[in-house]
Amino acid sequence: MKKPGNATDPLWYKDAVLYELHVRAFFDSNNDGIGDLPGLIQKLDYLQDLGVTCLWLLPFFPSPLKDDGYDISDYLNVHPMYGTIEDFKTFLDAAHDRGLQVMIELVMNHTSDQHAWFERARQAPKGTPERDYYVWSDSDQKYGNARIIFTDTEKSNWTWDPVAQAYFWHRFFSHQPDLNYDNPRVVEEMFQVVRYWLDLGVDALRVDAIPYLIEREGTSCENLPETHLLVKRLRQEIDANYESRMILAEANQWPSDVRPYFGEGDECHMAFHFPLMPRIYMALRQEDRLPITDIMAQTPEIPGTCQWALFLRNHDELTLEMVTNDERDYMYLAYSGDSRMRVNLGIRRRLATLVDNNRRRIELLNSLLFSFPGTPVLYYGDEIGMGDNIYLGDRNGVRTPMQWTADRNAGFSRASPARLYSPVIMDPILGYEAVNVEAQQGDPSSLLGWMRNMIALRKLFRVFGRSTLEFLHPSNRKVLAYLRRDDEQSVLCVANLSRFAQPVDLELPELEGAIPIEMLGYVDFPPIGKQPYRGCATYKVRSSSFLFLWI
Ligand code: NOJ
Ligand code: CA
């Protein structure tokens with residue numbers, strides 16, 4: 001018998017609103033300065049009230065934490081700092097009781113060098129299955145066509161291991177050896193990990209670093225056919241035993257290279273749309289819709305059961321790997337004046353700081369996120385407009401404690417401030433005294449209030465998660481206008497990307513006679529007639545604004 005999931009609709013992820021959070025950063029229940037699972041349970045009411053529907057937990061497994069938990073030393077347990085496996089089960093039940101789904105990380109590509117498999121492999125004789133859990137070589141010249149991803153810290157994808165007397169392969173940090181999926185025992189181990197968490201009732205898995213699972217000489221070692229075969233096997237394993245579960249591909253690749261991760265609906269249910277994200281910021285800064293329409297024109301159709309995951313920010317740098325060199329130069333210039341804002345090929349800032357804390361732009365970006373075809377993914381803290389700290393190393397500046405109140409430690413913990421896993425943001429404008437949940441909950445016109453409305457709106461109209469997108473082509477390129485429609489609902493979305501009010505004429509011959517309703521205020525707009533539609537020009541296409549019209 002297949003094990004049912006918590007969601008009843010197998011396509012639940014199409015209507016979901018995902019919320020990404022780190023247990024460590026959310027709420028500290030035992031005052032040791034580190035967020036934990038019991039703390040997260042205490043904050044479920046907040047998340048339910050916000051209206052998000054699926055919680056994405058960053059890695060919470062035992063780990064030396066040299067890559068914030070993406071360096072796993074035991075896949076089948078919880079890091080003691082965050083609680084116990086019993087705490088996780090309690091959390092999962094509590095989330096499910098509130099109708100929330102839960103997505104966790106499946107870090108398939110690599111382990112920590114402190115994982116028992118690696119300890120065993122480096123001691124095992126060459127040619128044994130134990131040794132071959134990882135990818136070894138006598139030379140550091142093999143697979144020379146593979147790029148380096150963490151360009152700031154790594155000079156090679158090979159590191160010499162004095163115990164094994166060989167080089168081991170790693171696409172990320174040199175303490176993260178890549179697993180060898182040519183070894184059937186590794187595949188079986190990872191499937192056991194999958195079964196363990198899905199048996200507990202986890203709804204979804206984010207498959208970290210999916211393009212790099214298998215390597216072959218003479219290739220870039222990314223997106224290989226063998227990798228797709230492995231992903232298909234993973235999907236078969238899940239489909240054979242479970243219902244209503246979802247896997248999400250983390251493939252930071254061009255749309256044409258991500259498309260195969262959906263297969264014919266037989267690989268991943270979802271995949272992040274990495275190239276769209278920086279182009280949304282480009283369009284905003286250039287006040288020109290072209291970067292967005294251009295990348296959408298390059299985005300292939302996907303199978304009916306599949307869905308894009310859309311995001312503005314996450315726990316990593318705003319990655320600029322999937323842009324041209326000119327576009328990257330532009331983005332650096334426009335969004336990272338200080339070189340400390342950059343890391344690897346990207347920008348380590350939060351949403352609010354990227355747009356100079358401009359409320360209208362934050363709303364505009366979120367409106368695009370919520371109305372584009374796909375499922376929106378929010379990053380914790382961005383719903384209140386939290387700031388960042390560019391003086392912290394690596395990507396830690398966007399991983400600071402959640403700002404709950406104006407009290408000590410932002411209400412995140414009652415530990416001595418020196419003991420916190422990270423300092424809280426103390427900036428006078430974006431720090432916790434000015435920006436926190438408690439203050440915004442008491443203010444109906446706060447960003448948090450606006451986000452709650454936007455989430456509610458999105459959930460009322462299934463068309464956002466389930467329909468296609470048709471761009472309109474008004475001559476004013478500062479305006480991005482599109483229709484989302486299915487058999488039952490039509491929504492006209494109009495974004496003014498400019499800092500100034502803009503005129504726009506929209507050609508809507510098929511909709512003649514319809515009376516649009518503005519969806520946030522439920523206000524009737526003038527009927528659509530034979531002339532180009534100007535209803536929005538007279539009312540709301542003011543600077544950096546967004547208009548939702550229900551038709
Ligand atoms: C992608 C994750 O998002 C990132 O945080 C991590 O450093 C790498 N994978 C390596 O696991
Ligand atoms: Ca704690």
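This section describes the surroundings of two ligands in a predicted model.

Ligand 1 sits in the largest cavity. Twelve positions need not be taken one by one; the shell divides by class into three nonpolar, two polar and seven charged residues. Among the residues around ligand 1 are the aromatic side chains of Tyr-70, Phe-150 and Phe-172. The shell also includes His-110 and His-315. Acidic members include Asp-67, Asp-208, Glu-250 and Asp-316. Arg-206, Arg-395 and Arg-399 belong to the surroundings of ligand 1 as well.

Polar side-chain atoms of several shell residues approach oxygen atoms of ligand 1. For Asp-316, the distance to a ligand oxygen is 2.5 Å. For His-315, the corresponding separation is 2.8 Å. Arg-395 places a polar side-chain atom 3.0 Å from an oxygen of ligand 1. On its own, ligand 1 has 290 Å² of accessible area, and the protein covers 98% of this.

Ligand 2 is a calcium ion. Its protein donors lie 2.2 to 2.4 Å away. Asp-28, Asp-32 and Asp-36 each contribute through OD, and Asn-30 through OD1. Ile-34 donates through its O atom. Along the sequence, the donor residues follow the spacing D-x1-N-x1-D-x1-I-x1-D.

Burial was evaluated for two of these donors. Ile-34 has a relative accessibility of 14%, so Ile-34 counts as buried. Asp-36 is also buried, because its relative accessible area is 3%, and the cut-off for burial is under 20%.

Conventions: Residues numbered from 1 in each chain as written. Chains lettered and ligands numbered in written order. Predicted model: local features only at pLDDT ≥ 70, side-chain atom pairs only at ≥ 80, totals over all residues. Heavy atoms only, no water. Near = heavy atom within 4 Å. Polar contact = N/O pair within 3.5 Å; in protein donor to acceptor, adjacent residues only side chain to side chain. Areas by Shrake-Rupley, 256 points an atom, 1.4 Å probe, with all protein chains shown as cover. 1 Å grid on protein atoms, 1.4 Å probe; cavity = no way out; pocket = protein on both sides within 12 Å on 5 of 7 lines; lining within 4 Å. Sits in = over half its atoms within 2 Å of the grid points. Nonpolar A, V, L, I, M, F, W, Y, C, P; charged D, E, K, R; others polar. Donors = N, O, S within 2.8 Å, 3.2 Å for Na, K, Ca; no water. Buried < 20%, exposed > 50% of the residue type's maximum accessible area, 1.4 Å probe, protein only.
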